[in-house]
Amino acid sequence: RAVRRTKRLRKLHMQEQGQLEAVAGKEPREHVAENTRKDVVQKIGQRFTIIERLSIGAIILLWVFFLVLPHLGKVSSTVFSILVGSSAVVVGIAARPFIENLISGIIISFSKPFRTGDTVLLDQQYGIVEDITLTFTIVKIWNWRRYIIPNSQMLNKSFVNYTIRDNHQWMHVEFWVAYDTDLEQIRQMAMDAAGQSPNFSGKEPPSFWIMEMGKEGYRCWIAAWADNPSTAWELGHDIRTRLVLGFQAKGIKAHNFHF
């Protein structure tokens, strides 16, 4: 009964979640977000179905054990010890990876360093946590492929969680310009490139900084807020595109100098 109740609550939670996309874009299917939510809800149902079946199997094994228990006295202690010891060694070796991943999955479930739907940067792979099973975690990376990591490894990895507290993302774009360029013009172009993007959240005005002065030019940053990691990725693309087009139109030299 408790398993069924937990299963029902998890399904309701996932049905209430927002869009589950790695990077904003069009997948060769319709209704991507809705299909993703349905897939996750279905996987949750399958997972708890497995738990129910394992529970039934465990009950049957215990029932068989108690039936055989009265007859164990007829077996010599030496033979019984050898059988139990051999079985324990074989089962322990075979089940070690499963047990490690299972325990790690339980720890992840309670400590919650990430949850289903969180956006993460893991091993230089950017994506969202699509599913957390009993033994492994599935991350849908930016190109819509699935990155599958055993829970024991996932527990020991360092990663960036972009949405553990909120979804807002601070996006910055770096570029170099020559010293003979009008600094105020560059600042205004960068501010407009960020502020006029449809992916800019408007939470606060964009910020412009001179980060470094090199031998042949200076390094600039333009930074602005986006509502979530997906739109932050699009915001960065918008800013770079607008800056490149603006520099080309005005004949401004913009290079990534290596000193």
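**Figure 1. Burial and overall make-up of the protein chain.** In this predicted model, 36% of the 259 residues of the protein chain count as buried. Contacts with a separation of 6 or more are dominated by distant pairs: residues 24 or more positions apart account for 66% of them. The secondary structure comes to six helices and eight strands. From the N terminus on, the elements follow the order α-α-α-β-β-β-β-α-β-β-α-β-β-α.

**Figure 2. The five-stranded sheet.** Five strands build an open sheet, ordered S4-S3-S2-S1-S5. The pairing is antiparallel. Strand S4 (146-150) and strand S5 (160-161) are the edge strands. Each of these two pairs on one side only.

**Figure 3. The S1-S2 hairpin and its turn.** Strand S1 (residues 119-122) is joined to S2 by four bridges, and the two run antiparallel. Thr119 has Ile128 in S2 as its bridge partner. S1 and S2 form a hairpin with two residues between them. Asp123 sits in the turn and has a positive phi of about 50°. Gln124 is also found in the loop between S1 and S2. Its phi is positive too, at about 65°, although Gln124 is not a glycine. The side of the burial scale is clear here: Gln124 counts as exposed because its relative accessibility is 72%, and the cut-off for exposed is over 50%.

**Figure 4. S3 and its two flanks.** Strand S2 (residues 125-132) pairs with strand S3 (residues 136-141) over five bridges, in the antiparallel sense. One registration point is Asp131, whose bridge partner in S3 is Ile138. On the way from S3 to S4 the view takes in Trp144, found in the loop between these strands. Trp144 is a residue other than glycine with a positive phi, near 70°. With a relative accessibility of 17%, Trp144 counts as buried, since buried means under 20%.

**Figure 5. The S1-S5 edge.** S5 is joined to S1 by two bridges. The two strands run antiparallel. Val120 has its bridge partner in S5, at Asn161. S5 is an edge strand of the sheet, pairing on one side only.

**Figure 6. The three-stranded sheet.** Three strands form an open sheet in the order S6-S8-S7, with antiparallel pairing. S6 and strand S7 (207-213) stand at the edges, each with a single partner strand, so one side of each has no neighbour in the sheet. Direction ignored, neighbouring strands of this sheet are turned by 25° against each other on average. S6 and strand S8 (residues 217-226) pair over ten bridges in the antiparallel sense. Among the residues of this pairing, Glu174 has Trp221 in S8 as its bridge partner. Helix H6 packs on the sheet and touches S6 and S8. The direction of H6 makes about 20° with that of S6.

**Figure 7. The surroundings of Gln169.** Gln169 lies in strand S6 (residues 169-178). Gln169 has a relative accessible area of 15% and is therefore buried, the cut-off being under 20%. Neighbours within four places in sequence are left aside in this view. The remaining contacts of Gln169 are Tyr162, Ala224, Trp225, Ala226, Asn228, Pro229 and Ala232.

**Figure 8. The packing of H5 on H6.** Helix H5 (residues 183-195) and helix H6 (residues 229-250) have axes that come within 8 Å and cross at roughly 140°. H5 is therefore oblique to H6, because angles over 145 degrees would be needed for roughly antiparallel. The crossing of H5 past H6 is right-handed. From H5, the contact is made by Gln185, Ile186, Met189, Ala190, Ala193 and Ala194. From H6, it is made by Leu235, Ile239, Arg242, Leu243, Gly246, Phe247 and Lys250. These residues divide into nine nonpolar, two polar and two charged.

Methods:
Residues are numbered from 1 along each chain as its sequence is written. This is a predicted model: local features need pLDDT of at least 70, side-chain atom pairs count only at pLDDT 80 or more; totals for chains, interfaces and linings use all residues. Side-chain values use heavy atoms; hydrogens and water are left out. Two strands pair if DSSP finds at least two bridges between them. Buried means under 20% relative accessible area, exposed over 50%, partly exposed in between (1.4 Å probe, protein chains only). Contact means heavy atoms within 4.5 Å. Axes are lines fitted to C-alpha atoms, for helices over the stretch in contact, and angles run from 0 to 180 degrees between N-to-C directions. Angles under 35 degrees count as roughly parallel, over 145 as roughly antiparallel, 65 to 115 as roughly perpendicular and the rest as oblique. A crossing is left-handed if the near helix is turned anticlockwise from the far one by less than a right angle, and right-handed if clockwise. Ala, Val, Leu, Ile, Met, Phe, Trp, Tyr, Cys and Pro count as nonpolar, Asp, Glu, Lys and Arg as charged, and the others, Gly among them, as polar.
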